[in-house]
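This briefing goes through the structure shown below by topic. It covers salt bridges, the contact between the chains, and selected helices.

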Protein chains: 2
Amino acid sequence: MAHARSRSGATPVLVGQLDLAPLLKPSSVAVLGASQRMNRATRVVANLQRFGYAGPIFPVNPKYDEVLGLKCYPDLASTPQPADSVVVAIPAEHIPAALEEAAEAGVRAAVVLSSGFAEAGPAGRERQAALERLAKERGLLICGPNCYGAFNIRLRSATFSGDMPEPLLAGDVALISQSGGFSTMIAERLMPQRGVGFSYLISCGNQAGLTVEDYMEYLVDDQDTQVIGAFVEGFKQPDKLREVAARAAAKRKPLVVMKVGRSENARQATLSHTGVLAGTPQIIEATLKQLGIVQVSRLNEMVETLALMSAAKDYDGGWRVVVTTGSGGECGHAADAADQAGIELPPLSTSTIQKLKRALPDFANPRNPLDGTGAMYENAELFPYMVRTLLEADGFDILAVNLNADPPRPNGRAPARGFSRALSAELANGSDRLVLCFSSAIGGALDGETLETLAEAGVPYLQGTETAMQTITSLRRYRLHLQRRAHASIGTPPRSDGRGSWQGRRGALSTMEARGLLAEFGIPVVETLAAADAEQAVAAAERLGYPVALKIDSPDVAHKSDVGGVRLGCADARSVRDAFEQMLDEVHRHLPAARIDGAVVQPMAAGGVETILGVQIDPLFGPAIVFGLGGIFVEVLGDVSIRVPPISADDALEMISEVRGSALLRGVRGHAPADVRALANAVVRLAALASAHRDSLRALDINPLLVLPQGSGVVAIDWLVELAE
Amino acid sequence: MAHARSRSGATPVLVGQLDLAPLLKPSSVAVLGASQRMNRATRVVANLQRFGYAGPIFPVNPKYDEVLGLKCYPDLASTPQPADSVVVAIPAEHIPAALEEAAEAGVRAAVVLSSGFAEAGPAGRERQAALERLAKERGLLICGPNCYGAFNIRLRSATFSGDMPEPLLAGDVALISQSGGFSTMIAERLMPQRGVGFSYLISCGNQAGLTVEDYMEYLVDDQDTQVIGAFVEGFKQPDKLREVAARAAAKRKPLVVMKVGRSENARQATLSHTGVLAGTPQIIEATLKQLGIVQVSRLNEMVETLALMSAAKDYDGGWRVVVTTGSGGECGHAADAADQAGIELPPLSTSTIQKLKRALPDFANPRNPLDGTGAMYENAELFPYMVRTLLEADGFDILAVNLNADPPRPNGRAPARGFSRALSAELANGSDRLVLCFSSAIGGALDGETLETLAEAGVPYLQGTETAMQTITSLRRYRLHLQRRAHASIGTPPRSDGRGSWQGRRGALSTMEARGLLAEFGIPVVETLAAADAEQAVAAAERLGYPVALKIDSPDVAHKSDVGGVRLGCADARSVRDAFEQMLDEVHRHLPAARIDGAVVQPMAAGGVETILGVQIDPLFGPAIVFGLGGIFVEVLGDVSIRVPPISADDALEMISEVRGSALLRGVRGHAPADVRALANAVVRLAALASAHRDSLRALDINPLLVLPQGSGVVAIDWLVELAE
């Protein structure tokens, strides 16, 4: 097993693929700290018993001979066979020694439930470091600390301290959650309540040994797992995440991630909770999006997304939705929600309308969403007829049935039971449509019988119209990613020859050095000549042709115009000479200590759309490319789009089209269409530059990058490059 | 009772305040169409019996002598006393005659459950018109048709066909819903599940007689009702809505509205469902917002908002929130949700941190959100100590306790019960803080005992972190509206003297006519002289000073520049003469039939920020003022804000600040700050103009309205005014 220090220098992590079988498929389990009181460790013993784990269970506690009817051992060395996995719930300060002992006794995996590690000040951080050393040096697979543990649902190996209501249901959804509480909350809504089965439920806490990415990697290759959900406070291995996401896409296994930490307060809370720095939210979000990872922002959305992804594994059709309901009010509600989620609800064809009119009451107006009216509850033939008609109708791919699976009502009616049975019967001969049910609101008690009928028919039951529509959009977006991925060809960008004049430099590059770096990667840069004195400036201007711009040339000046370091529109030799002298004086007055190498001279640029192209760096995830339109768009509106390298030409085009003002580039208000292809090319090349120099680059801004009319390319007018000190 | 035709000419509605007592407090109820089969009418009889309505119930059906143990009457004339209210569930075609008979028999209110009215083609519309005539001519109070009916929870008068699970709970929340299904869905989540009591539950369907606004009006004056929720597909009486909202604000009774119909599809669905045109969503939204009506966009948000509004009636404090939880994962989750909702979670003070550290485990980091850690579940003293400390801490107004009210777990633990009891005990001596509980996700079974403890302590239980935070924001916004309202003084705008030269005109006004209208209302307009021929144009230019702009003067030209009708920058007499002749030729070539009155001459405007100010008309809600920045902002970004008259100067300032590009007016990028006060004044005056001419105005655009530097005012440069034909 190889190990490496992560790029950020934060935490040593395991690299290479790990075999998590000792943790996730343990042949025996020891529980350290189990007692005759119902504490966290005892609860694990109880869970193993209650769920029916078949392997031997060894409570370990020198104080007792027996725990929950099982023989209790004084220490790990005394168990009749070395436990495959050990669960540890003892005070944090004793854990490093206990794990040392465990490794010594032949234990291969440890679930550390206790808190008091990276989240707990200097002493805690030292304890976490000890666990990390153990993982590294002894190859111990550590889940946690500060977690609920790992639960293989098929094997019933509940090395897991959470309270999971029964029935457990084996299936193909795996969930990884740093938060223990959220792991059971999500699983409970799916397994016992919705009939969506699980392969694994893993609460991984502080990720001292194994990280979210390690579990993902294992699960992507796991035959029992088809859909992977993750609640993440902080990623730790972005490179592994990239590899795992690519492999997951190749296997068509969706990764659904809820990442908290968009707000500064949340990032601080996460640091305080798990000791992990959460990173730059925009860069993480862009990374996940580009990797085809489905992002959700609410716990309920996680639940519904996993339910749909699991049910729609084999669906291979389109995205035109027809909605049916028994509530007139839901028609407007569903139409609004679909519109909001970008879901198309095409109109019914004339022949479908005619067919429906035959069965619906006179007063009904068949349309999409289709209101079955109160008649749906009175006439048992109506709903099956509607479903049959819509399943046969042209022009649709998905049938979304609004159905509130309430338990039987006070008068004994449970219309949803009849509807679910009818739906199941209509689908008995199969359909290439995707059929799903959704309730108008989330929550409220659910009728088990209805849900069971639907689950058996392979029909997911999603809660909340808005969430259901959002979930369909997420599935569509995911499938689009898989398709694009199949056709993607990212052109090989020019490689740095590593011999730029700026090599070995630190801090801000001079204008000419930075120009060399941009040019080396094929980014068009305005012609720029260096001038050490006024006469050289005049000579340069004569070569370039008037009018020219003069800019101060100094590695110590980051924002030239703030210190008088820019002179525009010098129209003749005299004004160049005057501008040069005045500019150097003014800059010197502002920054007496700055090294000034003279000025650079450029021809005045004319025309084109001003854009801004830059590189932003996340300490863990590395560089991201930021694009925006110049002028008010970035400064006033904050209107930017962001991608991480590598960026293909198609990605770049999409990135450009994402900013709100991109219509300007297409040529509104009498402007000629701009050279968007050349702009996309510059984005691709800047991404290549950022990748090649990801370890040394600290900041890069091209502002403005002029986008000239179609066919005329782009040209960088001003730029700033900073390298790490 | 007075009646009037609504401004839109759509539907005759009742005006003036109505006494809904016969409908909402009936002393006796007849049920037309009740039978020995469990149909909709029979279900009403069953509901009246089950919930314990104390007045006489008269089933009416010539086919039976007895229904559900009650004597059944052949017709309404045969009941021992005239029923106060009659519930009707017979085929739609028989209903007009039946209601005629009912009115004859002395019945004062009717609940029409049946469908087949405005939503059902020409025959249905005729039936609905018949109901409207009955309401008007006989003063019959009609609820419905196409509804579940009306339910007075205290009186248990369930003239209501929906299935409402028990227990009913009397309280101060009233709900009006056009949709029957949503009425029970919302009420069920509040009454039996959350212990939030109701005064009335009204499903009003097509609103043939009584409209949403009529019910609101009654409920605002009802002593039993403090909070009013409404699910609305289409409003019918905007003027009454305005009055009711003002009275509700005066009485501090929040109106919470979920209005569907943002999408075109939803508007069509609504038309199809209730026969009501839904109106322009942006104008309705602006109206509701200005009226202080709390708008929600999901059913779950309606539930939570009603729960909080009901519990926080007497809360009078600030909005700084401290969150406490027993889940580390929730800290980041809650912080993100608070950030998203604009809720402030200030840091804990040093002394609060010290106090908390005394009780929390060593590894805990007290901050806001506060993680009680696993210790909260082990040490029964910890949670009460945390609550006490935070209730005493300076710097907070609201304590939001994250608490998942799960029913007892498999091992019998129900930690939420202990937490709710502790919370209740801490609050026993009262607190001026607002204390609420919230779950991390929505849905899942709830523990009745926990919810009862919280309800008794006056602590609302809200579901879903995001929704809970959003709900706090809604409450804050509502309270802000009440405060502002108390201080608002809307300046009296100048009144039209009604003698403008454009009086009596139809269609587009000429440039000079329109200029007169704007000037009459005090909107600064650029100096503009009419010129019938080239020599008059030159004379005008000499008077104004060169350079000047020439614009075609024709009531038949709406978009001057599209037909060559604008010439800018004419610098001398000759260019004015040439421009005049060429312009008239070109316009004539484009529009040979247009009447051309010559040209208008204006000085060329210079400087200032270009804005667009216009009036948009909704057929029912009337005019709205639309504001945006010129150039790309409206055209490319669609960046506008909207308000309905009357608009105060403060409203106008807020409206201006709402557009994304408003920073431009404050003077970014080297521009001087613009005269925003003068701009606000122009908005106020345009609103006055739009109000004064709401019946005749069809469209008005000022584009551009130049906003000059501070102190220099604004000036309209070009405009277009169309009156109704």
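Buried means under 20% relative accessible area, exposed means over 50%, and partly exposed lies in between. By that scale Arg262(B), at 42% relative accessibility, counts as partly exposed. The model is predicted. Chain A and chain B are related by a two-fold axis, and salt bridges number 64 over all chains.

**Salt bridges within chain B**

- Arg262(B) and Glu285(B) are joined through their side chains by a salt bridge, with 2.1 Å from N to O. Arg262(B) sits in the loop between strand E15 (255-259) and helix H8 (264-274) of chain B, while Glu285(B) belongs to helix H9 (residues 281-290) of chain B, so the bridge ties together parts that are 23 residues apart in sequence.
- Glu285(B) is partly exposed, because its relative accessible area of 36% falls between the limits of 20% and 50%.
- A salt bridge also links Lys560(B) to Asp718(B), where the closest N and O atoms are 3.0 Å apart. This pair connects distant parts of the chain, 158 residues apart: Lys560(B) is in the loop between strands E24 (548-552) and E25 (566-570) of chain B, and Asp718(B) is in the loop between strands E31 (714-716) and E32 (719-723) of chain B.
- Lys560(B) and Asp718(B) are both buried.
- In the salt bridge of Arg595(B) with Asp597(B), the closest N and O atoms are 2.8 Å apart. Arg595(B) counts as partly exposed at 47% relative accessibility, and Asp597(B) counts as partly exposed at 31%.

**A salt-bridge network in chain A**

- Lys289(A), Arg484(A), Arg643(A), Glu654(A) and Glu658(A) form one network through salt bridges that share partners.

**How the two chains are related**

- A turn of 180 degrees with a shift of 0.1 Å along the axis lays chain A on chain B with an RMSD of 0.1 Å. This is the relation of a two-fold axis.
- Gly443(A) is the residue of chain A that comes closest to the rotation axis, with its C-alpha at 1.6 Å.
- Of the interface residues of chain A, 100% are also interface residues in chain B, so the copies meet through the same surface.

**The interface**

- In the interface, 77 residues of chain A are in contact with 77 residues of chain B.
- The two chains bury about 6,300 Å² between them, and 54% of this is on carbon and sulfur atoms. Asp163(A), Arg298(A) and Phe363(A) supply 9% of the area that chain A buries against chain B, more than any other three residues.
- Between chain A and chain B there are four salt bridges. One of the bridges between the chains joins the side chains of Arg409(A) and Glu188(B), at 3.0 Å from N to O.
- Polar contacts between chain A and chain B involve 24 residue pairs, both residues at pLDDT 80 or more. Helix H11 (residues 328-341) of chain A gives the largest share of the side of chain A that touches chain B, nine residues.

**Helix H7 of chain A**

- Helix H7 (residues 238-250) of chain A has 13 residues, which at 1.5 Å a residue should span 18 Å; the end C-alpha atoms are 18 Å apart, in agreement.
- Among the buried residues of H7(A) are Leu241(A), Val244(A), Ala245(A) and Ala248(A).
- Arg252(A), just after H7(A), takes a positive phi of about 55 degrees.

**Ser310(B)**

- Ser310(B) lies in helix H10 (residues 299-311) of chain B and is buried, with a relative accessible area of 13%.
- Not counting residues up to four places away in sequence, Ser310(B) touches Asp172(B), Val173(B), Val196(B) and Val227(B).

Technical notes. Residues numbered from 1 in each chain as written. Chains lettered and ligands numbered in written order. Predicted model: local features only at pLDDT ≥ 70, side-chain atom pairs only at ≥ 80, totals over all residues. Heavy atoms only, no water. Helix = DSSP H or I, 4+ residues; strand = E, 2+ residues; numbered from the N terminus. Expected span 1.5 Å × (residues − 1). Buried < 20%, exposed > 50% of the residue type's maximum accessible area, 1.4 Å probe, protein only. Least-squares fit on C-alpha atoms with pLDDT ≥ 70 in both. Contact = heavy atoms within 4.5 Å. Buried area = accessible area lost by both parts, 1.4 Å probe. Polar contact = N/O pair within 3.5 Å; in protein donor to acceptor, adjacent residues only side chain to side chain.
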